[in-house]
Amino acid sequence: MHILKSMFGAIEAGGTKFVCGIGTGPHDLVTAQFPTSSPDVTLASVIEFFKDSGQRFEAFGVGSFGPVDLDLFSPTYGHITSTPKTGWSNFDLVGAIRSAFDVPVAFDTDVNAAVLGEARWGAARGLSDAVYLTIGTGIGGGALVRGQVVHGLVHPEMGHLRIPHDLTRDPFPGCCPFHGDCLEGLACGPAMQMRWGAPAGVLPPEHEAWALEAHYLALGLVNLTVTLSPRRILLGGGVMQQPQLFDMIREQLGRLLNGYVHHPEVMERIASFIQPPQLGSRAGILGSLALAQSAVAEKASIAGGRA
Ligand code: ADP
Ligand code: ZN
């Protein structure tokens, strides 16, 4: 590794494993992973990995499973909040890293990290405004608006958009424990399995399930398009491993928007407007690295009076 380069530490904190990375980008990233056991044991391994590298770190980025507290003014900022995972409820993840290294620690959700990583090195490279939506066990999304990941009162919960549900076409009531037939309740992987009686991955490409799935996802994407105005939307997660879904979603999205979002990106280039992500299994760790670098960039811009 280059001695004079600024090194960054990246941590993808997942429910089953923590992936740690040291580097500056996709080409020099050195990684290691540790199982998510108790916070003490896992964090000890994580901290040892970074210390043993002998590097000096300019900043750390942590993209975490949730729910997490992202409110900088909250006394529990940087904590994992109410997870059912034993021992992790109210754990101060940011505090643990900061007390070991005393450098800036950027903290966000895994999907927010993913949109940032894709915007730096992946399918939304160079774009200031993008959405990353994962359709898997649940549905979750991260949005980048004018180069900033969107947070507010908490963080957006795009999986829980309310969308029209025609009970005559689809009597399945939905499986969201909070809302029943929100987007996640109708279109996540488990919803498909419950509705059709087989895991989504074994339904053949010509099965009617895919037209209905594309319909629900397109309805969700209309809402995201007209509220966030992304320049590109990336669709990832297990359910999107079905390549036929992309064109079905593009077609339905175009039809639902009906020419109203009058821009060539949507009207003429819908195939590039709706795309799969590019970073694959490295999305989480590269997103966390991008978070670390954005923490330093923000500090520099504030110091330079350009905030
Ligand atoms: P998670 O959301 O838990 O991180 P994934 O993104 O892998 O995990 O999503 C898991 C869901 O994706 C499951 O509901 C599974 O049925 C579904 N899934 C996995 N592989 C496929 C596939 N090839 N086609 C369609 N659905 C799939
Ligand atoms: Zn819901």
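Let's start with the company ligand 1 keeps: by class, its shell holds three nonpolar, eight polar and no charged residues. Bear in mind throughout that this is a predicted model. The glycines in that shell are Gly136, Gly189, Gly201, Gly237 and Gly238. Thr137, Gln241 and Gln242 are also around the ligand, and so are Pro190, Ala200 and Val239.

Some of these residues come with a polar atom pair to the ligand, listed here.

| Residue | Protein side of the pair | Ligand 1 atom | Distance |
|---|---|---|---|
| Thr137 | N or O atom in the side chain | oxygen | 2.6 Å |
| Gly238 | polar backbone atom | oxygen | 2.8 Å |
| Gln242 | polar side-chain atom | nitrogen | 2.8 Å |

So much for single atoms; how much of the accessible area of ligand 1 does the protein cover? On its own the ligand has 570 Å² of accessible area, and the protein covers 57% of that.

**Domains and a pocket**

Zooming out, the domain assignment splits the protein into domain 1 (6–109) and domain 2 (123–277). Their C-alpha centres sit 29 Å apart.

Both domains have a hand in the second largest pocket, with at least three residues of its lining drawn from each. The space in this pocket comes to about 750 Å³. Its lining counts 28 residues, and the closest to the pocket centre are Ala106, Gln148, Ser294, Ala295 and Glu298. Sorted by class, the lining has 17 nonpolar, six polar and five charged residues.

Which elements each supply at least two residues of that lining? They are strand 7 (105–109), helix 3 (110–121), strand 10 (148–149) and helix 10 (283–303). Helix 10 gives the largest share, with eight residues.

**Two backbone spots to look at**

While you have the structure open, have a look at a couple of loops. One runs between strand 4 (57–64) and strand 5 (79–80), and that's where Pro67 is found. The peptide bond joining Gly66 to Pro67 is cis, with omega at about 0°.

The other loop lies between strand 5 and strand 6 (91–92), and Asn90 has its place there. What is phi of Asn90? The angle is near 65°, a positive value in a residue other than glycine.

Methods
Residues numbered from 1 in each chain as written. Chains lettered and ligands numbered in written order. Predicted model: local features only at pLDDT ≥ 70, side-chain atom pairs only at ≥ 80, totals over all residues. Heavy atoms only, no water. Near = heavy atom within 4 Å. Polar contact = N/O pair within 3.5 Å; in protein donor to acceptor, adjacent residues only side chain to side chain. Areas by Shrake-Rupley, 256 points an atom, 1.4 Å probe, with all protein chains shown as cover. Nonpolar A, V, L, I, M, F, W, Y, C, P; charged D, E, K, R; others polar. 1 Å grid on protein atoms, 1.4 Å probe; cavity = no way out; pocket = protein on both sides within 12 Å on 5 of 7 lines; lining within 4 Å. Points joined across faces, edges and corners; volume = space filled by probe spheres on them. Helix = DSSP H or I, 4+ residues; strand = E, 2+ residues; numbered from the N terminus. Domains from an automatic or database assignment.
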